[in-house]
Amino acid sequence: MTESPNTPRTVLLRGGEVHSPADPFATAMVVESGHIAWVGSEGAADSFATGVDEVVDLDGALVTPAFTDAHVHTTATGLALTGLDLSGTRGLDHALRLLREHAAARPSDRALLAQGWDADRWPERRAPSRAELDEATGGRPLYLPRIDVHSAVVTTALLDLVPGVTDLPGYHPDAPLTGAAHHAVRAAAHGAVTPAQRTEAQRAALAHAASLGIGTVHECGGPEISSEDDFTGLLDLARDEPGPRVVGYWADRDIDKARALGALGAAGDLFADGSLGSHTACLHQPYSDAPHTGTAQLTAADIAAHVVACTEAGLQAGFHAIGDAAVTAVTDGVRAAADKLGLARVRAARHRVEHAEMLTPDTIAAFAELGLTASVQPAFDAAWGGDDGMYATRLGTERARTLNPYAALLRAGVPLAFGSDSPVTPLDPWGTVRAAAFHRTPGHRVSVRAAFTAHTRGGWRAVGRDDAGTLVPGAPADYAVWNTDALIVQAPDDRVARWSTDPRSGTPGLPDLTPGAPLPVCLRTVVSGRTVFERPNE
């Protein structure tokens, strides 16, 4: 199939499978002026064929709404794509060897950047020491965050660039840096990235997203994560060049700053706590493998004040909360804001909670009551769930089995928006849908259809748009074309019909995402009627 990269005014796509609630049997679609104009059957498509600027033969391909990744760190994703990713390393020696090779290959970099290590997956079960990193890099500055990006190991040369770092909270002479010390060395390392390198990384990340059928990303920036120049540069790039849409969130309690930077909300990774892998998520009960409960970074009173300020200013508020104590602080704070402003006003603002991994029946009910969107990452369960995974190591098996309860959230009516937290886990939309549908804890599984909705329409709803994320007349023409096998209706267990290929069911089918089955391959991604990715030779 062929199509000009500059999409004409009106296009008819036909001869495929169009995933649309408007017509479960649709095989054709008309796009006009950046919006869906019509979906329907092949016979009806004939009446449009002579009145359009271009006809695209889908040759049996599947057309779906483009995915929305609701939590991305775009520059860091691009740096991981263009730099050194240690997530696949087999052990400490392997990681150190790759670091030596990386340092030798980039002699002109002012600071070396790598990411993705996870000592829980290594036989040594420990982080690289500073001495080992100094040797591997030849004494150059290196910033090396753990896979969750909530702690990092660094070289002596990078510490030397941050006066007073040894006096900051979270500095540990013989362990990964956390808290303020980690934020300080990260700022120093990212400050060494040139504007040209940053733009190159952003372009790489957005191009990669487009190649995976992602039409929108929610950028989660903030003063403890990136820089103002990084954030505004990305928004400018996305506005000026073809590619996925970028919705920006700036994690700052200064709401005037967030608004001035062009953010939709003072939200995203506004930290109420840290992460489980780094032992900084805030828990009600101590870790199973450490004699403490993590770190609280915001109180319920802090959260209430921020929600009130954002609601009154017409901005979304949002918080990073992973541990059960942090999630409780968020729900207590949002409830206090609702008591002051009125529940309806707070619900209408659609405030967000990022990650929300350790939930209880009480906090799930509070999410539903307060209208909070759960912006969650199913690949976390795929990576760290199960009785032998990192969650179980940190929390014990019983607590670990309660994490990421997507089915309970949906039953309670909590809006879900799926994302990756890339580069923490990769951009991989169909893999994300699979991870939710085949959750390691069977009781938390959801249907493929529900997971797909959370990764398409859910991301639009999370930014306050109810008119997008589906292929229906009037919706933005953000869609992807896929090469895939037969379509089915797939549910998590026998309480719902497990398989159905009968067209009489009236339910639009989706690809078979059974673990081990090949995932769909993206042939084209279109944003607002404009092609932003087309696979070569297709």
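Start with the largest pocket, which has a volume of about 820 Å³. Keep in mind as you click around that this is a predicted model.

**Stop one: the pocket**

Select T75, A76, L79, L113 and H190. Of the 48 residues that line the largest pocket, these lie nearest its centre. Now colour α2, β9 (112-115), β10 (142-145), α6 (179-191) and α7, since each of them supplies at least two residues of the lining. Which element gives the largest share? That would be α2, with six residues.

**Stop two: helix α7**

Stay with α7 and select residues 195-211. You've got 17 residues here, and from the first C-alpha to the last the helix reaches 24 Å, close to the 24 Å expected at 1.5 Å a residue.

Next, show the side chains of R198, A201, Q202, A205, L206, A209, A210 and S211: these are the buried residues of α7. See how the numbers tend to jump along the chain? An α-helix has 3.6 residues a turn, so residues three or four places apart point the same way.

What covers those buried residues? The cover includes α2 (74-82), β12 (214-221), α8 (228-240), β13 (245-250), β23 and β24. Before you leave, click on G213, just after α7, which takes a positive phi of about 80°.

**Stop three: the open sheet**

You just met β23 and β24, so let's look at their sheet. It is an open sheet of five strands in the order β2-β6-β19-β23-β24, with mixed pairing. Which strands stand at the edges? They are β2 (17-18) and β24 (530-534); each has a single partner strand, so one side of each is left without a neighbour in the sheet.

Select β23 (residues 521-527) together with β24: the two run antiparallel and are joined by four bridges. For a pair to look at, pick V526, which stands opposite T531 in β24. The hairpin of β23 and β24 has two residues between the strands, and S528 takes a positive phi near 55° there.

Now move to β6 (residues 62-65) and β19 (residues 479-483). They run antiparallel too, with four bridges joining them. Here P65 stands opposite Y479 in β19.

**Stop four: a loop residue**

From β19, follow the chain into the loop between β19 and β20 (487-490), where you'll find D485. Is D485 buried or exposed? It is exposed, with a relative accessible area of 57%. Add A61 to your selection: D485 and A61 are 424 residues apart in sequence, yet 9.2 Å apart in space, C-alpha to C-alpha.

**Stop five: a threonine in a helix**

Jump to T311, which lies in helix α10 (residues 300-313). Its relative accessibility is 9%, so T311 counts as buried. Zoom in on the side chain of T311, which reaches the backbone oxygen of V307 at 2.6 Å. Then select L341, R345, A349 and H351: leaving aside neighbours within four places in sequence, these are the residues in contact with T311.

**Last stop: the cavities**

How many cavities of 30 Å³ or more does a search of the whole structure find? Three. The largest cavity holds about 110 Å³ of space. To find it, select D148, S275, I322, E357 and W384, which lie nearest its centre among the 16 residues of its lining. Finish by colouring α14 (379-384) and α15 (390-395), as each supplies at least two residues of that lining.

Definitions and conventions:
Residues numbered from 1 in each chain as written. Predicted model: local features only at pLDDT ≥ 70, side-chain atom pairs only at ≥ 80, totals over all residues. Heavy atoms only, no water. Buried < 20%, exposed > 50% of the residue type's maximum accessible area, 1.4 Å probe, protein only. Polar contact = N/O pair within 3.5 Å; in protein donor to acceptor, adjacent residues only side chain to side chain. Contact = heavy atoms within 4.5 Å. Pairing = 2+ DSSP bridges. Expected span 1.5 Å × (residues − 1). 1 Å grid on protein atoms, 1.4 Å probe; cavity = no way out; pocket = protein on both sides within 12 Å on 5 of 7 lines; lining within 4 Å. Points joined across faces, edges and corners; volume = space filled by probe spheres on them.
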